[in-house]
Amino acid sequence: MLTISLIWGIVVAVCFCLWLIIGIRRRCIGEPPLDNGLIPYVGCALQFGANPLEFLRTNKRKYGHIFTCKLMGKYVHFVTNPFSYNTVIRHGKYFDWKKFNFAVSAKAFGHRSIDPSDGNTTENVHETFIKTLQGDALNSLTEAMMENLQYVMRPLDLSKTNPDGWVTEGMYSFCYRVMFEAGYLTLFGKDLTRQEAQRTFILNNLNNFKQFDKIFPALVAGIPIHMFKNAHIAREKLAEALKHENLRKRNNISELVTTRMFLNDTLSTFDDMDKAKTHVALLWAAQANTLPATFWCLFHTIRSPEAMKTATEEVRKTLENYGQKISFEGKPISLSQMQLHDMPVLDSIIKEALRLSSASLNIRVAKEDFTLHLEEGSYNIRKDDIVALYPQMLHLDPEIYPDPLVFKYDRYLNENGKPKTNFYCNGIKLKYYYMPFGSGLTLCPGRVFAVQEIKQFLILMLSYFEMQLIDSQVKCPPLDQSRVGLGILPPTYDIDFKYKLKHR
Ligand code: HEM
């Protein structure tokens with residue numbers, strides 16, 4: 001017994017020594033300061049995961065503006081000086097920004113690699129996204145979303161069943177339900193042959209989406225989906241609904257989806273299920289951030305009487321200027337992109353709500369060994385290392401945003417009520433001060449649509465409904481840190497509110 005323990009002890013000690021000798025990376029001349037962490041492979045991942053902002057702030061104080069951390073076997077160089085963001089973004093030729101994203105997408109959604117260099121497809125998805133989410137295509141998306149939001153909201157008239165007209169609901173589940181349904185119909189159209197079953201169909205999809213999205217952080221961390229039976233089934237059901245044979249039964253499908261359905265990709269090795277899974281990826285990209293973002297915009301607006309008053313006034317004026325009547329029975333409200341664009345108060349509210357709730361990680365993988373020239377010096381980066389920006393550091397920096405944790409609805413407005421774009425750090429104007437949508441080549445192609453659909457939601461809510469928090473003194477719920485790195489963080493718990501129709 002003693003001998004076996006001794007042998008095991010020796011094996012562990014030898015492994016530990018081997019790890020110390022060959023497993024630990026040593027900092028070479030010209031490289032950023034390095035933190036290997038204490039646990040082999042895991043490195044600093046546990047400390048980072050527990051509180052990324054605090055972890056990065058502490059390391060910044062310890063090492064300076066750039067430092068390297070080992071996270072789950074990868075070496076990540078965090079660049080924390082906002083004046084260096086521009087330089088990182090400009091070093092695009094040294095980075096492969098697709099490799100990481102394509103790998104995560106294939107792992108999480110279960111489709112074959114969409115990297116054209118792997119030979120499964122000739123589609124340049126990035127170009128497709130830009131072509132079908134921006135420019136002319138955006139007009140029809142915006143129009144469809146406004147129509148669908150009103151289609152979804154109209155049955156919310158529960159005044160007939162509720163004597164005092166008030167309906168009480170969790171605000172997050174309300175925003176989730178309304179935006180998911182309207183967003184799904186906007187991307188994937190309506191099935192006109194089974195209208196009565198439409199709502200049940202969407203609700204089933206919503207439940208499957210929720211189930212799958214819950215484990216998304218684990219999938220990104222590399223845990224196989226087979227470990228999560230229910231989420232796996234939910235993902236397959238989402239994909240089944242988006243197979244082309246089912247999509248063909250739907251009308252008014254967005255260009256974003258039709259372009260990909262009818263792509264002349266004769267070299268493609270994707271089967272129907274693979275293609276459907278890439279549509280699930282699209283559904284996730286379009287919804288996973290928008291749903292919590294909509295909650296935060298509505299929550300902060302209702303919670304701040306000043307924001308509520310000023311926003312309601314801006315909405316009233318806009319509708320009046322463009323001859324729009326508020327009536328659930330009559331013609332739906334319709335505003336063009338240009339008209340939506342000219343609403344600085346709502347823009348400022350949305351920006352401020354996203355600043356407070358966003359925790360995305362902008363990741364780039366080094367294609368080769370190279371030297372990164374930053375404001376604060378030059379640093380050698382090794383091939384396959386990751387260079388990361390964590391914009392929450394700048395969003396919550398008190399130098400840039402005084403009282404950074406306080407919601408100020410007019411933070412992005414000048415004294416004359418026009419959009420404010422001058423933000424400073426140490427007295428110097430910043431080029432990058434607001435980055436919930438990423439940066440450079442990984443900048444979200446749906447960002448304009450995202451802001452517009454949230455704005456449309458707010459316009460309709462402020463026009464049609466009276467709204468109140470059940471507890472007018474309610475505290476702001478904490479952000480769900482388990483999703484750090486993925487974008488907008490949801491609240492850790494829901495907040496009850498009540499609403500009733502303004503005009504009967
Ligand atoms: C508040 C809402 C949204 C936020 C905060 C957001 C944020 C982001 C971020 C940070 C990325 C880059 C991720 C990376 O670095 O790799 C991204 C990518 C993407 N987003 Fe959004 N997004 C939002 C809404 C939308 C919407 C509504 C759509 C489409 C309808 C959309 C479509 C996409 C797509 C397709 C990509 C991947 C682009 C590519 O890899 O080429 N997003 N988004």
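Two residues are in contact when heavy atoms of the pair lie within 4.5 Å. In this predicted model, Leu56 illustrates the term. Leaving aside neighbours within four places in sequence, Leu56 is in contact with Phe48, Phe67, Phe78, Tyr390 and Met393. Leu56 is found in helix α3, which spans residues 52–63. The relative accessible area of Leu56 is 0%. Leu56 therefore counts as buried, since the cut-off is under 20%. One of its partners, Phe67, sits 11 residues away along the chain. The C-alpha atoms of Leu56 and Phe67 are separated by 9.3 Å.

The ligand comes next. It is surrounded by 20 residues. The closest are Asn101, His126, Thr442, Cys444 and Glu453. By type, the shell divides into 12 nonpolar, 7 polar and 1 charged residues. Polar atoms of the protein approach the ligand at several points. A polar side-chain atom of Asn101 lies 2.8 Å from a ligand oxygen atom. For His126, a polar side-chain atom lies 2.7 Å from an oxygen atom of the ligand. Ala285 takes part through its backbone: a polar backbone atom of Ala285 is 3.3 Å from a nitrogen atom of the ligand. Four elements give two or more residues to the shell, namely α6 (125–133), α14 (272–287), α15 (290–303) and α20 (447–464).

The ligand also carries an iron atom. Its only protein donor is Cys444, through atom SG, at 2.3 Å. Cys444 is found in a loop, between β12 (428–429) and α20.

Strand β12 contains Ile428. The relative accessible area of Ile428 is 48%, so Ile428 is partly exposed. Not counting residues up to four places away in sequence, Ile428 touches Phe83 and Phe423. Phe83 and Ile428 are 345 residues apart along the chain. Their C-alpha atoms are nevertheless separated by 9.2 Å.

The interior was examined through its nonpolar residues. In soluble globular proteins, nonpolar side chains tend to be buried together. Here the largest nonpolar core has 153 residues. Leu298, Phe457 and Met467 have the most contacts inside this core. Helix α8, residues 171–188, gives the most to the core, with 13 residues. Leu298 shows how such contacts are spread along the chain. Beyond its neighbours within four places in sequence, Leu298 is in contact with Met171, Cys175, Phe457, Leu458, Met461, Met467 and Phe497. Phe457 and Met467 thus appear again, here as partners of Leu298.

Two further buried residues were examined. Phe216 lies in helix α10, which covers residues 216–220. The relative accessibility of Phe216 is 3%, so Phe216 counts as buried. Leaving aside neighbours within four places in sequence, Phe216 is in contact with Ala108, Phe109, Trp284 and Leu486. Phe216 and Leu486 are 270 residues apart in sequence. From C-alpha to C-alpha, the two are 9.1 Å apart in space. Ser358 lies in a strand, β6, made of residues 358–360. At 1% relative accessibility, Ser358 is also buried. Its contacts, with neighbours within four places in sequence left aside, are Gln392, His395, Pro436, Gly487 and Ile488.

The backbone has its own points of interest. Most residues other than glycine have a negative phi. Met72 has a positive phi of about 45°, although Met72 is not a glycine. Met72 lies in the loop between β2 (66–71) and β3 (74–79). With a relative accessible area of 39%, Met72 is partly exposed. Asp384 likewise has a positive phi, of about 75°, and is not a glycine. Asp384 is found in the loop between β9 (377–381) and β10 (386–389). The relative accessible area of Asp384 is 39%, which means that Asp384 is partly exposed.

Conventions
Residues numbered from 1 in each chain as written. Predicted model: local features only at pLDDT ≥ 70, side-chain atom pairs only at ≥ 80, totals over all residues. Heavy atoms only, no water. Near = heavy atom within 4 Å. Polar contact = N/O pair within 3.5 Å; in protein donor to acceptor, adjacent residues only side chain to side chain. Nonpolar A, V, L, I, M, F, W, Y, C, P; charged D, E, K, R; others polar. Core = buried A, V, L, I, M, F, W, Y, C linked by side-chain atoms within 4.5 Å. Buried < 20%, exposed > 50% of the residue type's maximum accessible area, 1.4 Å probe, protein only. Donors = N, O, S within 2.8 Å, 3.2 Å for Na, K, Ca; no water.
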